[in-house]
Amino acid sequence: ALVVSLLNPKAIAFLLSFFIQFVDPAYPHPALTFLILGTIIQVLSFLYLSTLIFAGARLAAAFRARRRLSGAANAGVGVLFVGF
């Protein structure tokens with residue numbers, strides 16, 4: 001996820017356009033400010049994605065243990081898709 005995030009041109013364009021407002025042009029090393037802000041967002045992204053991965057693994061284990069619940073959830077999602 002880190003490599004994908006670092007090489008994603010959409011994310012790079014967003015970070016450059018969003019972080020520019022937090023960089024002081026009078027500061028002698030503006031690249032350092034970008035590096036710090038980028039590191040902060042990557043750490044937060046890592047924590048968020050790790051939480052999603054571990055929660056998804058636990059949820060998958062719970063669905064594997066309860067076949068009826070899994071079937072009901074699949075049917076519910078199918079009904080939602082047909083409804084949309």
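Start by selecting K10, which you will find in helix α2 of this predicted model. Is K10 buried or exposed? With a relative accessible area of 67%, K10 is exposed, because the cut-off for that label is over 50%.

Keep K10 highlighted and add S45. The two are 35 residues apart in sequence, and a C-alpha to C-alpha distance drawn between K10 and S45 reads 15 Å.

Next, bring up the largest pocket, with its volume of about 190 Å³. Which helices each supply at least two residues of its lining? They are α1 (2–7), α2 (9–19) and α3, so try giving each helix its own colour. To see the lining, select S5, L6, A11, I12, L15, L16, F19, F34, L35, G38, T39 and Q42. Now recolour that selection by residue class: the lining of the largest pocket has 8 nonpolar residues and 4 polar ones, with no charged residue.

From the pocket, move on to L44. This leucine sits in helix α3, which runs over residues 30–65. L44 has a relative accessible area of 52%, so it counts as exposed, the cut-off being over 50%.

Finish by switching on the surface and widening the selection around L44. Together with Y27, L32, L35, I36, I40, V43, F46 and L47, L44 forms a nonpolar patch on the surface. How much accessible area do these patch residues have together? The total is about 880 Å². Look for L35 as you go: it belongs to this patch and is also one of the residues lining the largest pocket.

Notes. Residues numbered from 1 in each chain as written. Predicted model: local features only at pLDDT ≥ 70, side-chain atom pairs only at ≥ 80, totals over all residues. Heavy atoms only, no water. Patch = residues over 30% accessible without salt bridge, like charges linked within 9 Å, V, L, I, M, F, W, Y side chains within 5 Å. Areas by Shrake-Rupley, 256 points an atom, 1.4 Å probe, with all protein chains shown as cover. Salt bridge = Lys/Arg side-chain N within 4 Å of Asp/Glu carboxyl O. Helix = DSSP H or I, 4+ residues; strand = E, 2+ residues; numbered from the N terminus. Buried < 20%, exposed > 50% of the residue type's maximum accessible area, 1.4 Å probe, protein only. 1 Å grid on protein atoms, 1.4 Å probe; cavity = no way out; pocket = protein on both sides within 12 Å on 5 of 7 lines; lining within 4 Å. Points joined across faces, edges and corners; volume = space filled by probe spheres on them. Nonpolar A, V, L, I, M, F, W, Y, C, P; charged D, E, K, R; others polar.
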